[in-house]
Each structure stands twice: as C-alpha cells, then as structure tokens.
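User: I'd like to learn how to read a protein model feature by feature. Could you walk me through one?

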Amino acid sequence: MARPRQFDETEAVTSATELFWRRGYHATSVRDLGDELKLTPSSLYRTFTDKHTLFLRALDHYRATESAEARQHLNAADRPVREALREWMLWLVGCPAGGKPGSGCFVVNTATELGTADEKVSRRTEAAFEVTRQDLRSALAGGRDRGELSADLDIDAAVELLFTTVLGLRVRERAGHDIERLTAAIDAAIRALGPAPAEPA
C-alpha cells in the first residue's frame, strides 16, 4: 500500500505561489521550492511533476483568489462608479491577496518576465487580463446606465485606458514608487472619464 502524503497539497501550492510571486519563475529553483514547501525533490516531483507544472498551478491559484477579491472591490452596484474605481485601484497598489510591499501583481510580473514565449503561461495571463477588462466594462456600463457617466462615453476606450493604467500602477508599486504619486495617477485616470452629467433642471 502506498504511503499517504504527509503534507497538505493545497497549502503547498499556496506556499509555492508566494515564492514564485516574490522571486519570479526563473529565479526560483527546485531547491528553493523544496525548502519553502519542506519537501524533498523526489516528493516534489512525485506530486507536481516538475517546476513548470507547479508554476502553472500557482498561477491558477493566484488568479482564483485575487480575481474573486478584486471583483468584490470593483463592485459598483451599491456606490458611485468613480468611487468604486478609485477604491479598487488603491486596493490594487496596496498589496492585495496577501502580497508584501513591492511584490506587485503575480500575473503582471509573470507577463513581463515570460511574455508570450510560454504558451501555457501566456494563455493564463491573457485570461486574467480579460477578466479585469470585463469587470471594468461592467462597472463602467453600469455607471453610464445609472446616469453617473456621460451617455456618449466610449466604454471600450475607457476600459483600455483604465486597464493600461492598472498595469502601470502594478509595475510602479513593485518598483517602490510612493503611494502619493500612484494616487495622483489614479485620480487623473478617473478624471479622464469626464465630468458627471448635469442634473436635469
């Protein structure tokens, strides 16, 4: 009879996620993973096959946890859309999902490190980016329908503006730029949505 594994696989993936997030894919060795997860190389390979497979699971784990939390922060159904967008972007540069100062976003870090060279990774980063775009599109459309944004606002262009701003914010947070400068960029992006429609006389 095979001996049961003496560790929690979900906890191991969580620990691997935090390590890859801090150090990146190439800078994280199998030995680093073994030390972090407290696994021998043979146990690590037996459970996760190889470093790349574990990295994909870590990326999936991050997407599942961070995306769900981000969606809650961007929910603008019960508050003005500009307020929701501003609070969401401030949250994004405030180390969400258990990150540490200067850690940035695991998905953005991965996209900048690996680009499109790894198809399996690229599919995951692009899927994560599309979730963000769709959430932005939903928030902006809701704000326009409620009369908080101009009826002629170009939603698609506004989504790309805010999405690009968000990616830049995550890189700058990782680079250690101070929060006051990031907040100024956030406020400028919100103002770019245009003034609120005037109340009917």
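Analyst: We'll go from the overall fold to the core, then one helix, and then a few single residues. Keep in mind that this is a predicted model.

User: Fine. What does the secondary structure of the chain come to?

Analyst: Start by counting elements and reading their order. Here the chain has nine helices and zero strands, so to speak in a row: α-α-α-α-α-α-α-α-α from the N terminus on.

User: And how far does the C-alpha trace span along its principal axes?

Analyst: About 80 × 35 × 30 Å. Buried residues make up 41% of the 201 residues. The chain exposes about 10800 Å², with 52% of that supplied by carbon and sulfur atoms.

User: What share of the contacts links residues 24 or more positions apart?

Analyst: Among contacts with a separation of 6 or more, 68% are between residues 24 or more positions apart.

User: How many positive and negative side chains are there, and how far apart are the centres of the two sets?

Analyst: There are 27 positive and 31 negative side chains, and the centres of the two sets lie 6 Å apart.

User: Let's go inside. Which residues have the most contacts within the largest nonpolar core?

Analyst: For a core, look at its membership and then at its best-connected residues. The largest one here has 52 residues, and Phe 20, Leu 85, Trp 88 and Leu 140 have the most contacts inside it. Helix 4, residues 51-74, gives the largest share of this core, with eight residues.

User: Take Phe 20. What does it touch, leaving out residues up to four places away in sequence?

Analyst: With those left out, Phe 20 touches Tyr 25, Thr 28, Leu 33, Lys 51, Leu 54, Phe 55, Ala 58 and Phe 106.

User: Now a single helix. Which residues of helix 3 are buried?

Analyst: In helix 3 (residues 41-48), the buried ones are Ser 43, Leu 44, Thr 47 and Phe 48. The next step is to look down the helix axis: these buried residues fall within an arc of 100°, so they line one face of helix 3. Pro 41 and Arg 46 are exposed on the other side.

User: What do the buried residues of helix 3 pack against?

Analyst: They pack against helix 1 (9-23), helix 2 (30-37) and helix 4.

User: How should I read backbone angles?

Analyst: Check the sign of phi first. Most residues other than glycine have a negative phi. In this model, Lys 38 has a positive value near 60° and is not a glycine. Lys 38 sits in the loop between helix 2 and helix 3, and it is exposed, with a relative accessible area of 72%.

User: Which residue with a positive phi follows helix 3?

Analyst: That's Thr 49, with phi near 75°. Thr 49 is in the loop between helix 3 and helix 4. Is Thr 49 buried or exposed? At 52% relative accessibility it counts as exposed, because the cut-off for that label is over 50%.

User: Last topic: pairs that are separated in sequence. Where is Ala 139, and how far is it from Pro 80 in space?

Analyst: Read such a pair with two numbers, one along the chain and one in space. Ala 139 is in helix 7 (residues 119-145). Ala 139 and Pro 80 are 59 residues apart in sequence and 9.8 Å apart in space, C-alpha to C-alpha. Ala 139 is buried, at 8% relative accessibility. Not counting residues up to four places away in sequence, Ala 139 touches Leu 74 and Val 81.

User: How many residues along the chain separate Glu 83 and Ile 190?

Analyst: 107 residues, while their C-alpha atoms are separated by 9.1 Å. Glu 83 belongs to helix 5 (residues 81-92) and is partly exposed, with a relative accessible area of 37%.

User: And what is the separation of Thr 10 and Ala 58?

Analyst: Thr 10 and Ala 58 are 48 residues apart in sequence, with 9.9 Å from C-alpha to C-alpha. Thr 10 lies in helix 1 and counts as exposed, at 54% relative accessibility. As for Ala 58, it's one of the residues that Phe 20 touches.

Technical notes: Residues are numbered from 1 along each chain as its sequence is written. This is a predicted model: local features need pLDDT of at least 70, side-chain atom pairs count only at pLDDT 80 or more; totals for chains, interfaces and linings use all residues. Side-chain values use heavy atoms; hydrogens and water are left out. A nonpolar core is a set of buried Ala, Val, Leu, Ile, Met, Phe, Trp, Tyr and Cys residues joined through side-chain atoms within 4.5 Å. Buried means under 20% relative accessible area, exposed over 50%, partly exposed in between (1.4 Å probe, protein chains only). Helices (H or I, at least four residues) and strands (E, at least two) are DSSP runs, numbered from the N terminus. Contact means heavy atoms within 4.5 Å. Accessible areas come from the Shrake-Rupley method with a 1.4 Å probe; for residues, only the protein chains shown count as cover. Lys and Arg count as positive and Asp and Glu as negative; His and the chain ends are not counted. The place of a charge is taken as NZ of Lys, CZ of Arg, CG of Asp or CD of Glu. The arc is that of the directions from the helix axis to the C-beta atoms.
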